[in-house]
Structure formats: C-alpha cells, structure tokens
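Grab a pencil and work through these exercises with the model open beside you. Try each task before you read its solution.

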Amino acid sequence: MPVSSRVYTETDVETFFDQTLNNYLSFWDSQGALHTGYFAGEGDQDYQAAQQRTSDMLAADAGIDESSYVLDVGCGCGNFLIHLAERFGCRGEGLDLSEERIRFAQKLAGDNPRIQFRHASATQMPYEPDRFTHVVSQDALCLVPDKERSHTEIFRVLRPGGLFAFSDFLQPQEAISERARKHVYDRVRWNGGYSLVGYQAALEVAGFEILLARNLGNHLKQTYRVLGKTAQERSQTTSEDAAREWMLAFAASCKEIQVAIDDREFGWGMIVARKPASARS
C-alpha cells in the first residue's frame, strides 16, 4: 500500500522534477550529478568523490566495457551515462520522465555520437525487445508508480544474459511515520517502495536472477548530512529570496531524513540482476 498522503502519478513526478531542477543545480551540483554518494566514512564531506564512487561501483558490478550497449533508466541529467561512454567507450541511451532534465542531459552530452537521451516513461519504453546488454539506474525507479510494469519493460529490452545493475531508495519497513511521509516520501512524490528483500523478490517475479544485493543505508545518511550542510551554507550567499527559502527548507528536511533513516523508514541499496540466457522477451 502507498505510504504517501495521496497517490502520485507519473505526471506528478514529472512536474516536480521539471520544476525543481534549477533549485537542485544551485546548491547540489551545477553539472547535474544528483545521486546518492558512497562515502569513505562519517568524516568524509566530499560529495563529488562519493557520487563518483557510486557510479564506479555500479559500472564495476555490471562489468561494463567498450562492447556494452547501456540503457540508463531515470537518467536525470545524464551524468552517469556520459561517464560510462567517456570511460569505457560504450554506446548508450538515457531515458527520463523529466523533459527539463533530458534537455540538460542533451546539452551536457554535446555531440557525443555514442549516446542519446529520450523523454519517455519507464513503463512504456520506446525500444524493441532484446536491445541492450545492460540496463542501469541510480535512485530513480522507486518513483515509478507502476513498479511491476517497469520491471517487465526492463526485462523486455535486455538481451538474454544481460545485466540490470542499479541503486535505489528503499522502504525498509511497512509502518511509516507522518514525519517520514512528509520529509521523505511526499517531498519527492514517492508513493512507497520495497525493502531490500522485497525488491529482490519482485525482480524474481519479473524473471530476473539476483546476483548481488547491498544495503547502503549508512551512505544514504551521510549524503543527506553533507547536502543539508551545503544547502544551509549556500542559502547564506544567494540573493534570491525564493531560492534561499527552498534551500533552508531542504536543509531542515535533511535533518528529518536522517532521523527516518535511523528509524528504518528510509533506506538505500544496490542490486545486480540478470536476465537468464534462455529467456525470451
């Protein structure tokens, strides 16, 4: 059952991320790397290095190389796919529900001939079956209202034997407080999600074989600790009242989000799954 005070649609999610892109860029990362970081420890304050570490872990887990053809679902501003293409020389496509973020990704990628981005839904992908060797995603699939349908679509567009490697936000337990609902779920138009075990079970129902699963809640907490501090500091230097108010509200939410993580109302994990070699879409 959804934990939010209302049931959010794809239109709600699209509108929120279209409208808030510039706010996030103003204090989080001006180049659009807006993902959870894998930190070296509680004293590590380097968000840029931490988010790059997350991307490197996913790439290594997926075994991406120059022969890979990668689909990034919920690609946001395109940073992960661009990084993969530049580092490994692979081909790829990025898909996102936010048209504003797709525009940003296209501009960021420039004329790179190996990658392209599309504005589309994860529940109705504009690709033929068995197209990609890999599907990746960072912290996006939780926001899809029809999660089962997105799993079916990912399975469909993967080649037999292909890998699905992703990080995502988790709902570790069913009971969610009003505080967590306000500051975690409703804040980003999230209806609710899976526990790490529940996520694996859902993917198995879709036909995937689970290869790896990591619980990374400590890194999630450090991400919001660092982001809250950054938002607070940058709110003091911005000249725009609306931007300042948004940053201060976000900084306040970051404190509540850390409480929700401690109370097991919010989590983060990585999973790698495989489409069986004998499978057909």
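**Exercise 1: Strand partners around β5**

Val136 has Ala165 of β5 as its bridge partner. Keep in mind that this is a predicted model.

*Task.* Work out which strands pair with β5, and in which sense.

*Solution.*
- Step 1. Start on the β4 side: β4 (residues 132-138) pairs with β5 in the parallel sense, over six bridges.
- Step 2. Follow the chain between those two strands. Helix α5 (residues 147-157) joins β4 and β5 in a right-handed β-α-β unit.
- Step 3. Now look at β7 (residues 267-274): β5 and β7 run antiparallel and are joined by eight bridges. To find your place, put Phe164 opposite Ala273 of β7, and Ser167 opposite Met270 of β7.
- Step 4. Carry on from β7 to β6 (residues 209-215). Six bridges join β6 and β7, again in an antiparallel run, and Leu212 stands opposite Val272 in β7.

**Exercise 2: Enclosed strands**

*Task.* Why can β5 be called largely enclosed by the rest of the structure? Do the same for β7.

*Solution.*
- Step 1. Take a residue as buried when its relative accessible area is under 20%.
- Step 2. For β5, 10 of the 13 residues are buried, so the strand is largely enclosed by the rest of the structure.
- Step 3. For β7, seven of the eight residues are buried, so β7 is largely enclosed too.

**Exercise 3: Reading helix faces**

*Task.* Which residues of α6 (178-185) are buried, and what do they pack against? Then try α4 (residues 99-109).

*Solution.*
- Step 1. In α6, pick out Ala180, His183, Val184 and Tyr185 as the buried residues. Looking down the axis of α6, you find them within an arc of 160 degrees, so they line one face of the helix.
- Step 2. Turn to the face of α6 pointing away from that buried side: the exposed residues Glu178 and Lys182 are there.
- Step 3. Check the neighbours. The buried residues of α6 pack against β5 (158-170) and α9 (241-262).
- Step 4. In α4, the buried residues are Arg101, Ile102, Ala105 and Ala109. Down the axis of α4 they fall within an arc of 100 degrees, so these residues also line one face of their helix.
- Step 5. The buried residues of α4 pack against α1 (10-27), α3 (79-88), β2 (91-96) and β3 (115-119).
- Step 6. Just past the helix, Gly110 follows α4 with a positive phi, near 65 degrees.

**Exercise 4: Ring against ring**

*Task.* The structure holds 14 aromatic pairs. Is the Phe164 and Phe208 pair stacked, edge-to-face or tilted? And what about Trp246 and Phe250?

*Solution.*
- Step 1. For Phe164 and Phe208, the centres are 5.6 Å apart and the planes make 45 degrees, which puts the pair in the tilted class.
- Step 2. Place the two rings in the fold. Phe164 is in β5 and Phe208 is in the loop between α7 (196-205) and β6, so their pair ties together parts 44 residues apart in sequence. Both Phe164 and Phe208 are buried.
- Step 3. For Trp246 and Phe250, the centres are 5.6 Å apart and the planes are at 5 degrees, so this pair is stacked. Trp246 and Phe250 sit four residues apart in α9, about one helical turn.
- Step 4. Compare burial: Trp246 is partly exposed at 22% relative accessible area, whereas Phe250 is buried at 4%.
- Step 5. Zoom out to the cluster: Phe155, Phe164, Phe166, Tyr194, Tyr199 and Phe208 belong to one aromatic cluster.

**Exercise 5: Charged side chains**

*Task.* Which ring does the charged end of Lys275 sit over, and is Glu153 buried or exposed?

*Solution.*
- Step 1. The charged end of Lys275 sits over the ring of Phe155, 4.8 Å from its centre.
- Step 2. For another such case, go to Arg91, which lies over the face of Tyr69 at 3.9 Å from the ring centre.
- Step 3. Find Glu153 in helix α5. With a relative accessibility of 3%, Glu153 counts as buried.
- Step 4. List what Glu153 touches, leaving out residues up to four places away in sequence: Ala122, Thr123, Gln124 and Met125.

Conventions: Residues are numbered from 1 along each chain as its sequence is written. This is a predicted model: local features need pLDDT of at least 70, side-chain atom pairs count only at pLDDT 80 or more; totals for chains, interfaces and linings use all residues. Side-chain values use heavy atoms; hydrogens and water are left out. Buried means under 20% relative accessible area, exposed over 50%, partly exposed in between (1.4 Å probe, protein chains only). The arc is that of the directions from the helix axis to the C-beta atoms. Contact means heavy atoms within 4.5 Å. Two strands pair if DSSP finds at least two bridges between them. A crossover is right-handed if, with the strands pointing away from the viewer, the path from the first strand over the helix to the second runs clockwise. Rings of Phe, Tyr and Trp (its six-membered ring) pair if their centres lie within 6.5 Å; planes under 30 degrees apart count as stacked, over 60 as edge-to-face and the rest as tilted. A charge sits over a ring if NZ of Lys or CZ of Arg is within 6 Å of the ring centre and within 35 degrees of the ring normal.
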